[in-house]
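User: Please take a close look at a single part of this structure, and then place that part in the context of the rest of the chain.

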Amino acid sequence: MRPSSLLFLYLIFFHGFSPLVESSYLDYADALSKSILFFEGQRSGFLPQDQRIGWRGNSGLSDGWMYNTDLTGGYYDAGDNVKFGFPMAFTTTMLAWSVIEFGDLMPPNELRNALVAIRWATDYLLKTVSQPNRLFVQIGCVASLTRSMLPLKVGDPNIDHSCWERPEDMDTARSVYAVDAPNPASDVASETAAALAASSMAFRSVDAGYADTLLRNAVQVFQFADNFRGAYSDNAHIRDGACPFYCDFSGYQDELLWGAAWLRRASQDNSYLSYLENNGKTLGADDNINEFGWDNKHAGLNVLVSKEVLDGNMYTLESYKASADSFMCTLIPDSSSSHIEYTPGGLIYKPGGSNLQHATTISFILLVYAKYLDRTSQTVNCGNEFVSPVLLRMQAKKQVDYILGENPMGLSYMVGYSNYFPQRIHHRGSSLPSVKDHPGFIACKDGSIYFNSTNPNPNVLVGAIVGGPGEDDVYGDDRADFRKSEPTTYINAPFVGALAYFAANPNPS
């Protein structure tokens with residue numbers, strides 16, 4: 001679809017866009033490669049020699065020093081220089097789930113790159129759940145864990161967000177926020193358990209020793225989560241740093257079920273099956289089932305647990321599958337269920353900003369559920385129609401294609417994909433001169449001229465998916481409009497799995 005004439009002129013003269021005629025061909029393999037490459041642009045720590053995004057440099061090398069703990073590594077969550085444990089763990093879970101379900105469809109080099117992206121996160125997450133002497137990591141001792149500190153976040157977000165500064169130049173406080181037992185952090189701890197358990201499955205066939213380490217630590221950190229129940233952002237010393245950025249808005253209960261579900265899948269331990277059976281009602285498994293993202297795990301949880309029902313006839317978990325079916329029906333415009341909102345151009349839309357996080361997570365679980373249903377030759381009963389796995393895949397494809405350019409603006413919302421993509425993303429490292437081109441220090445407030453500039457970002461963050469258009473399908477390419485122009489790791493992570501599927505199956509059946 002071509003942009004309207006007025007919009008066309010607006011884009012050319014005010015934003016430097018050159019809209020293209022809609023193409024009937026989308027290169028999913030190229031998009032897959034770039035979606036994984038993006039994570040190298042978000043790296044914190046000492047960068048390896050094979051770093052492919054060359055305008056980035058080392059950063060955050062002193063993280064954790066005030067606790068005599070090495071907390072280097074991991075990912076910056078978005079366009080800032082803060083490492084938030086909650087979204088980073090969810091990002092890791094989704095990358096690992098992408099590999100678990102669709103890694104066999106990836107070219108070998110991209111599977112390797114995906115595993116490297118996961119390990120950059122899991123190596124960091126292992127640090128966040130370890131004592132300085134790492135006794136519980138080595139031994140798997142629950143008692144050691146409950147006496148430990150669970151670092152949740154590195155960097156003061158309020159100070160960081162007031163600066164426009166490259167990560168390589170950071171001179172703001174690198175505060176470490178930690179929760180000590182018996183104070184609760186069930187949400188972050190459970191998501192970390194999910195990330196480590198899922199990642200253990202991704203690494204099982206290529207590095208069994210590392211997989212064992214991940215799973216052992218997942219068990220330990222889930223015990224921390226379950227023994228000391230509550231939301232991490234309810235802790236007074238955490239609240240001001242976490243909120244409003246990554247407050248736990250939906251409650252910690254869904255993360256407990258999510259963590260248990262991943263531990264069940266990774267370990268096949270029946271104690272986690274019992275946990276899901278016995279705690280589903282009390283922890284609200286039937287609540288808010290039409291959401292899935294870094295804060296609310298319900299829709300993904302129900303799809304994940306449904307595999308037990310479909311593959312193993314675990315009818316004690318039937319309520320999870322019923323909720324998964326119900327959610328799928330809301331995505332089908334012709335079904336009789338109440339529907340999720342779509343933009344006029346066909347994009348899933350939920351208010352609140354960074355809307356493409358919903359499109360990528362939902363696309364992914366559509367494809368996963370279709371896979372589970374296909375394996376057992378089942379459909380979804382939506383009342384007035386039976387929805388097949390093919391139809392679920394087609395719904396996912398519409399979202400993926402929209403993101404890649406088949407939308408009313410003819411714009412790819414993935415940076416560096418096609419010739420027409422956002423030029424002014426809300427991202428410090430991308431918008432400031434690189435340390436290679438400008439080795440001199442750029443201080444906190446000195447970056448303001450680059451933030452306020454109307455010029456395109458000098459460094460292309462290849463593969464980054466921005467927050468996306470509004471409910472009217474319009475995107476203005478405004479660096480200051482962070483709700484639309486800021487990329488995040490948790491937008492990209494589930495898209496890796498979706499692209500892996502469509503790269504191998506461009507015309508799903």
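Analyst: The part chosen is G230, whose place is in the loop between α9 (208-227) and α10 (236-242); helices here are DSSP runs of H or I with at least four residues, strands are runs of E with at least two, and both are numbered from the N terminus. The model is predicted, so local features need pLDDT of at least 70 and side-chain atom pairs count only at pLDDT 80 or more, while totals for chains, interfaces and linings use all residues. Residues are numbered from 1 along each chain as its sequence is written, and side-chain values use heavy atoms, with hydrogens and water left out.

G230 counts as buried because its relative accessible area is 9% (buried is under 20%, exposed over 50%, partly exposed in between, with a 1.4 Å probe and protein chains only). Leaving aside neighbours within four places in sequence, G230 is in contact with P184, A185, S186, D187 and Y252, contact being heavy atoms within 4.5 Å. A further spatial reference is D248, 18 residues along the chain from G230, with a C-alpha separation of 10.0 Å.

Two of these partners lead to other elements. S186 is the residue at which α8 (186-203) begins, and the loop between β3 (176-180) and that helix holds P182. The peptide bond from A181 to P182 is cis, with omega near 15°. Most residues other than glycine have a negative phi, and most peptide bonds are trans.

On the other side, Y252 leads to helix α11, which covers residues 253-267. The 15 residues of α11 reach 21 Å from the first C-alpha to the last, close to the 21 Å expected (1.5 Å times one less than the number of residues). Helix α11 is mostly covered, with 13 of its 15 residues buried. Just after α11, Q268 takes a positive phi of about 60°.

Other residues share the feature of a positive phi. N313, not a glycine, has a phi of about 55° and sits in the loop between α13 (298-312) and α14 (318-330). N313 is partly exposed because its relative accessible area is 47%. S354 has a positive phi near 50° and lies in the loop between α14 and α15 (356-375). At 13% relative accessibility, S354 counts as buried.

Two other helices can be set beside α11. Helix α3 (residues 85-102) has 18 residues and should span 26 Å; its end C-alpha atoms are 25 Å apart, which agrees. Since 17 of the 18 residues of α3 are buried, this helix is largely enclosed by the rest of the structure. Helix α20 (residues 489-504) reaches 23 Å over 16 residues, close to the 22 Å expected, and 14 of those residues are buried. A kink of about 30° in α20 is centred on V496, where the bend is the angle between axes fitted to the seven residues ending at a position and the seven starting there.

I465, in the loop between α18 (448-451) and α19 (482-485), touches residues that include I491, N492 and F495. I465 counts as buried because its relative accessibility is 0%. Its contacts also include E486.

An unreviewed UniProt entry lists H426, D477 and E486 for "active site"; such positions are given in the numbering used here, with shortened feature names, and may be inferred rather than shown by experiment. These residues are spread over 61 residues of sequence yet cluster in space, the largest C-alpha distance being 10.2 Å. From this set, H426 and E486 belong to the lining of the largest pocket (on a 1 Å grid over the protein atoms alone, an open set of points where a 1.4 Å probe fits, with protein on both sides within 12 Å along at least five of seven lines; lining residues have an atom within 4 Å of a point). H426 lies in the loop between α16 (389-404) and α17 (428-431). At 10% relative accessibility, H426 counts as buried. Beyond four places in sequence, H426 touches residues including W164, R479 and E486.

For the chain overall, there are 20 helices and 5 strands, and 62% of the 509 residues count as buried. Among contacts with a separation of 6 or more, 72% join residues 24 or more positions apart. The accessible surface of the chain comes to about 18,200 Å², of which 53% belongs to carbon and sulfur atoms; areas come from the Shrake-Rupley method with a 1.4 Å probe, and for residues only the protein chains shown count as cover.
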